[in-house]
Amino acid sequence: MIKENLKAVEANICAACERAGRRREEVTLIAVSKTKPVEDIMEAYSAGIRDFGENKVQELCDKYEQLPKDIRWHMIGHLQKNKVKYLIGKTVLIHGVDSFELAQEINKRSEQKNVVSDILIEVNIANEDSKFGIRSESAFSLIEQIMELSYVNIKGLMCIAPYVVVPDENRDYFKKMLKLDVDINKLLSNNSPMDVMSMGMTCDYETAIEEGATMVRVGTGIFGERDYGIKT
Ligand SMILES: *Cc1c(COP(=O)(O)O)cnc(C)c1O
């Protein structure tokens, strides 16, 4: 089932790229494997997927130990400061950074391990009370602050758009994200570009790609519904 799902998602990604006049290589598919067993991950792995997303540190670390070392792990969930020390060195990208204190902790733990950690700034693009992320109007000053840290490298922005049944309803949020990224890059003109845009999930990844996503995070569309009752 996972292989068939992946084929369908891949076809959808290709079609969205074509509609937007973008190349398929501009978009990375992250298979969101949270709550799913290692067998499911291996099925996606043997179909060629190498980028996987998890939202809990403990679960990511457990899977990291058990699975092939060429997997590129993405921490996509809200990260607590006291868990950072377990994570550093295991992920290619930490998607949900939304405070200077969290960035400082990532910086400190990265320095201890002598690595530079790539991160994304999470933006609460729809200003939802229920969501983490920084408001778009505060993003630039946070980025300026974090840029002073030597062991953290900001690669771009991430958002979790509202859950929708009609993907088009999130289009304006994705447009806002892209505009914010363009504006920030203008202000930072002499630094390395923040060109990663992590946005789009099962309900809206095609729309996100049409509006400039460079990473889409797809869980249900690949692995099926999640059962949070089962501890993995
Ligand atoms: C769970 C999760 C996803 C994947 O959600 P689906 O709707 O299953 O595709 C994407 N991003 C984040 C941050 C998540 O927590």
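**Exercise 1.** Which atom of the ligand does a polar side-chain atom of T202 lie 2.4 Å from?

*Solution.* Let's start with the ground rules. This is a predicted model, where local features need pLDDT of at least 70, side-chain atom pairs count only at pLDDT 80 or more, and totals for chains, interfaces and linings use all residues. Residues are numbered from 1 along each chain as its sequence is written, and side-chain values use heavy atoms, leaving out hydrogens and water.

Step 1: the partner of T202 is an oxygen atom of the ligand, a polar contact (a pair of N or O atoms within 3.5 Å).

Step 2: R226 also has a polar side-chain atom 2.8 Å from a ligand oxygen.

Step 3: for R217, a side-chain N or O atom lies 2.8 Å from a nitrogen atom of the ligand.

**Exercise 2.** Find how much of the ligand the protein covers, and describe its shell by class.

*Solution.* Step 1: of the 390 Å² of accessible area that the ligand has on its own, the protein covers 90% (Shrake-Rupley method, 1.4 Å probe).

Step 2: the residues around the ligand (a heavy atom within 4 Å) include V32, K34, M158 and G219.

Step 3: sorted by class, this shell holds 6 nonpolar, 3 polar and 3 charged residues, with Gly counted as polar and Lys and Arg as charged.

Technical notes: A polar contact is a pair of N or O atoms within 3.5 Å; within protein, one must be able to donate a hydrogen and the other to accept it, and residues adjacent in sequence count only if both atoms are side-chain atoms.
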